[in-house]
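These notebook entries record what I looked up, one topic at a time. I began with the cysteines and then turned to the chain as a whole.

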Amino acid sequence: WVRLSLTPSRCRGVGLALCRRLLEEDGRIHLCIACRNEQKSEATRDLILATHPAAQVSTVEMDLGNLASVLRAARELRCRFQRLDFIYLNAGIMPNPHVNFKALWHGLLTGRVLHMLTTAEGIMTQTDRLNGDGLQEVFATNLFGHFMLVRQLQSLLCGNEKPSRLIWTSSSNARESAFSLSDYQHAKGQESYSSSKYATDLTSVVLNRKFNDQGLYSSVVCPGLVMSNMTYRILPVFLWKLLMPIMWLIRFFAKTYTLTPYNGAEAHVWLFKQKPEYLDSLVKYHSCTSGLGRCYVEPRKMDVDEDTAEKFYQKLLELEEQTLEKYHDLLD
């Protein structure tokens, strides 16, 4: 079996925890990890082999914010593998996050603070920018790079004896209010992360409609609030150290405060063990942790409009066509 796990660009977080937990479930699998450069890939591989020395772990260099890199990696993977059972689409960025303390205070006064702390609704903004391909960086890295990869690996995913799986890392911060079809790259707003994660939910819904009959199934998960490199950039480190005892207390009331990468990977690993034919394509699977530390998975219906999902998918196909015209020399 081959599981292609796209880990975050740094050698830690949910991606690394997921790799270790998958090997705990089944040591026979072949993991292929993808990072932005060879050094990061090899460092992640070494960390995995340190705890699972007999594991089959290979690497591929892939920068999801660089479409030429995605196409080169996909071409390499098509040469190396005949089929893929799982692709974990986990990599993502949240550049220059800022906390709106005024909104947080208002939430405290109105009784909405717990909801805001568990979804980041109204209190998190980001500053986005264009990447080298002329796309909004968050959209390109969190969604479109993944989409291009899946499309390029379609021959390894469809028509196999057993179903193949896509498992996208979404977020409870994925909100329809942050997304617009007319600005699907979120060039005009300040909630690019939320927009990209809602776009992820839309994409997964349509992929199921298009490819279930070819044996390809797509699911989305939310890892909860995990203390990772991405999270630590939101506030200064000393503030996090002061807040950590409070956050452990909040977990008695907010089950999505998974806090550790191991806990955050719970839904990813749970889906690894499920038969995809029996899963609901309109459900997001949330990693949860009780106040006493018990990990479990909670399914929640996604707030997605299937007509919007279809229209967005057509826009992705149009953007894909433009990309392939630009990088035709990287195709087989």
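**Entry 1: Cysteines**

I searched for disulfides and counted 0 of them. The model I was reading is a predicted one. I then looked up cysteine 295, which takes part in no disulfide. The nearest cysteine sulfur to that of cysteine 295 belongs to cysteine 288 and is 9.5 Å away, whereas a disulfide requires the two sulfur atoms to be within 2.5 Å. Is cysteine 295 buried, partly exposed or exposed? I noted a relative accessible area of 21%, so cysteine 295 is partly exposed. I also checked cysteine 158, which counts as buried because its relative accessibility is 13%; the limit for a buried residue is under 20%.

**Entry 2: The chain as a whole**

I recorded 13 helices and 10 strands in the chain. Of its 332 residues, 56% count as buried. I next asked what share of the contacts with a separation of 6 or more joins residues 24 or more positions apart. The share is 74%.

**Entry 3: The nonpolar cores**

I looked up the largest nonpolar core and found 53 residues in it. Which of these residues touch the most other members? They are Met62, Phe144, Leu153, Leu166 and Phe312. Helix α6, residues 137-152, gives the most to this core, with 8 residues. I followed phenylalanine 312 further and listed its contacts beyond four places in sequence, among them Phe139, Leu143, Phe179 and Leu181. Tyr184, Ala199, Leu202 and Thr203 are also in contact with phenylalanine 312. I then noted a second, separate core of 27 residues, including Ile48, Leu271, Val283 and Tyr285.

**Entry 4: Helices α1 and α2**

Two packed helices are described by the angle between their axes and the distance between the axes. I therefore looked up both values for α1 (residues 14-25) and α2 (residues 38-51): the axes come within 10 Å and cross at roughly 35 degrees. The crossing of α1 with α2 is right-handed. On the α1 side, I found Leu16, Cys19, Arg20 and Leu23 in the contact. They meet Thr44, Leu47, Ile48 and Thr51 of α2. By class, this contact has 5 nonpolar, 2 polar and 1 charged residues.

**Entry 5: Places where distant parts of the chain meet**

I began with alanine 68, which is in helix α3 (residues 67-80). Alanine 68 counts as buried because its relative accessibility is 10%. What does alanine 68 touch, not counting residues up to four places away in sequence? I found Tyr327 and Leu330. Alanine 68 and lysine 326 are 258 residues apart along the chain, yet their C-alpha atoms are separated by 9.5 Å.

I looked next at glutamine 152, whose place is in helix α6. At 14% relative accessibility, glutamine 152 lies under the 20% limit and so counts as buried. Beyond four places in sequence, glutamine 152 is in contact with Leu71, Ala74, Arg78, Leu324 and Leu331.

I also looked up leucine 317, found in helix α13 (residues 306-326). Leaving aside residues up to four places away, leucine 317 touches Phe147 and Arg151. The C-alpha atoms of leucine 317 and arginine 151 are separated by 9.7 Å, although their positions lie 166 residues apart along the chain.

**Entry 6: Loops**

Most residues other than glycine have a negative phi. I therefore kept a record of residues with a positive value. Histidine 186 has a phi near 60 degrees and lies in the loop between β7 (164-169) and α8 (192-211). Its relative accessibility is 9%, so histidine 186 counts as buried. Leucine 259 has a positive phi of about 70 degrees. I located leucine 259 in the loop between α10 (237-250) and α11 (261-264). Is leucine 259 buried or exposed? Leucine 259 counts as buried because its relative accessibility is 3%.

My last loop residue was serine 290, placed between β9 (283-289) and β10 (295-301). With a relative accessible area of 18%, serine 290 is under the 20% limit and is therefore buried. Its contacts, leaving aside neighbours within four places in sequence, are Arg251 and Tyr296.

How values were computed: Residues are numbered from 1 along each chain as its sequence is written. This is a predicted model: local features need pLDDT of at least 70, side-chain atom pairs count only at pLDDT 80 or more; totals for chains, interfaces and linings use all residues. Side-chain values use heavy atoms; hydrogens and water are left out. Helices (H or I, at least four residues) and strands (E, at least two) are DSSP runs, numbered from the N terminus. Buried means under 20% relative accessible area, exposed over 50%, partly exposed in between (1.4 Å probe, protein chains only). Contact means heavy atoms within 4.5 Å. A nonpolar core is a set of buried Ala, Val, Leu, Ile, Met, Phe, Trp, Tyr and Cys residues joined through side-chain atoms within 4.5 Å. Axes are lines fitted to C-alpha atoms, for helices over the stretch in contact, and angles run from 0 to 180 degrees between N-to-C directions. A crossing is left-handed if the near helix is turned anticlockwise from the far one by less than a right angle, and right-handed if clockwise. Ala, Val, Leu, Ile, Met, Phe, Trp, Tyr, Cys and Pro count as nonpolar, Asp, Glu, Lys and Arg as charged, and the others, Gly among them, as polar.
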